[in-house]
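Here are some friendly notes to read alongside the model. Each point takes up one topic, so feel free to dip in wherever you like.

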Amino acid sequence: MFEKLRSRLAEIRERFSGTEEKGEEPPTTPVSKSAAAGGTTPAPKAKPQAERVETPRPPPKGRAKAAPPPPEPDVKAKVHLEERAKRSLRDERAEVFEGGLLKRKLSPEEVGEILSELEVALFEADIAQQTVEAMKKTVGDALEGARVAAFSNRGELVTEALQIAVENALPPDADFDRTIREGPRPFIIMFVGINGTGKTTTIARIAYRLKKLGLTPVIAACDTFRAGAIDQLEVHANNLGVKLIKNQPGSDPASVAFDAIEHAKARGKEVVLIDTAGRMQTNTNLMDEMKKMKRVAKPHLVVFVGDAWVGNDAVDQATAFNNAVGIDGVVLTKIDTDAKGGAALSIAHAISKPIFFVGTGQGYEDLQPFSRRWMVERIFGAAS
């Protein structure tokens, strides 16, 4: 996985790994504030005009101002995130920025060349433009002021700056299992995403994982618009020995969710997993249905399921669902088939929400907890 991104970043590292002749640090010319602003002389200030004063009109009699609707109670669970600060090359490699007779600063031209190569590599990996710009800024800031010795290998420095850029583009890692264990009962999770992304299989995998943790889940088949979705969930539920709450195709999805939650309360089951309809994110009716489901079910987590293989389309999907119902985390499927590697970086950076899991195969156990370190290792070397 991530073969395209890994190979292109390796090319950048190799390109800047060659030794170089000792150079002199280019002299700097002080620039005046006026020159920095384009060398123009500020225009004379205009004379202040007399301030126009308007007499406020009294409100019309007999009309009472309507009170705003009361805010909905916040039932979201606390997602347990790691405590970490953004990495900094300057903090971790202070010696790189120290002076010395045989050291010189990387020139703006050298940094610009590195950033240009990086931009091409990231776009080829199908990484969204917003994420590309953020990573370029991180690398540029990291290399600004860095000093290299004569005959040194710059590739190692570039690689470390790239690793920091990848890590800083991702939100803090989340502990999904702890979030569920320490959450309220029954713990309600609503899964959203379009058809074909592996949402049904992901729900089954989560149910399998919860059972391994000693918890008892119940699944709500709320995609009542597609009979096949109910049948698929029923097969998984039977395989896993998990209770499935369903109704006839075409019935009200919110009522199925309500029945599943009431069943969990009555039978003492700890977790409710809610499947939802998965038409395109541009479908207004779908988004209205998601909002209704959220009002009725009051989920503690809303999880977006996206397909890593579709690249930037998954970013658009995640953004649309996040705007509609508020996403708390992501499960990215088919990551084992993603040769480019751009979806994980782009989605997490675009909506600033953690990736809980990535799908790495076809079995129920093929659900890998995601971490920034896991991502970095697969891009830069250690694991494949």
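1. Please keep in mind that this is a predicted model. A good place to begin is a pair of helices: H8 and H9 are roughly parallel to each other, because an angle under 35 degrees counts as roughly parallel and theirs is about 20°. H8 covers residues 199-212 and H9 covers residues 227-240, and their axes are 10 Å apart. The crossing of the two is right-handed.

2. Which residues of H8 and H9 make the contact? From H8 come Thr-200, Thr-201, Ile-203, Ala-204, Ala-207, Tyr-208 and Lys-211. H9 answers with Gln-232, Leu-233, His-236 and Leu-240. By character, the residues of this contact divide into six nonpolar, four polar and one charged.

3. Next, have a look at Asp-177, which is found in helix H7. Is Asp-177 buried or exposed? At 13% relative accessibility it counts as buried, because the cut-off for buried is under 20%. Leaving out residues up to four places away in sequence, Asp-177 touches Arg-209, Leu-213 and Phe-357. Of these partners, Phe-357 also turns up in the next point.

4. On the aromatic side, the model has five aromatic pairs. Ring pairs link Phe-176, Phe-356 and Phe-357 into a cluster. H7 spans 176-181 and strand S9 spans 355-359, which is where to look for these rings in the display.

5. Just after H7, check the peptide bond from Arg-185 to Pro-186: it is cis, with omega near -10°. Pro-186 sits in the loop between helix H7 and strand S3, the latter being residues 187-192. As background, most peptide bonds are trans, and most residues other than glycine have a negative phi. The second half of that background leads into the next two points.

6. Lys-334 is not a glycine, yet it has a positive phi of about 60°. You will find Lys-334 in the loop between strand S8 (329-333) and helix H13 (342-351). How accessible is Lys-334? Its relative accessibility is 34%, so Lys-334 counts as partly exposed.

7. Ser-352 is another non-glycine residue with a positive phi, here about 55°. The loop that holds Ser-352 runs between H13 and strand S9. With 52% relative accessibility, Ser-352 counts as exposed, because exposed means over 50%.

8. For a link between parts of the chain, turn to Lys-291 in helix H11, which covers residues 284-297. Which residues does Lys-291 contact once its neighbours within four places in sequence are left aside? They are Ala-324 and Val-325. Lys-291 and Val-325 are 34 residues apart along the chain, and their C-alpha atoms are separated by 6.0 Å. Lys-291 itself is partly exposed, with a relative accessible area of 37%.

9. Finally, helix H14 (residues 372-380) is mostly covered, with seven of its nine residues buried. The buried residues of H14 are Arg-372, Trp-374, Met-375, Val-376, Arg-378, Ile-379 and Phe-380. Two arginines, Arg-372 and Arg-378, appear in that list, along with Trp-374 and Phe-380.

Key:
Residues numbered from 1 in each chain as written. Predicted model: local features only at pLDDT ≥ 70, side-chain atom pairs only at ≥ 80, totals over all residues. Heavy atoms only, no water. Axes fitted to C-alpha atoms, helices over the stretch in contact; angles between N-to-C directions. Helix = DSSP H or I, 4+ residues; strand = E, 2+ residues; numbered from the N terminus. Parallel < 35°, antiparallel > 145°, perpendicular 65-115°, else oblique. Left-handed = near helix turned anticlockwise from the far one by under 90°. Contact = heavy atoms within 4.5 Å. Nonpolar A, V, L, I, M, F, W, Y, C, P; charged D, E, K, R; others polar. Phe/Tyr/Trp six-rings, centres within 6.5 Å; stacked < 30°, edge-to-face > 60°. Buried < 20%, exposed > 50% of the residue type's maximum accessible area, 1.4 Å probe, protein only.
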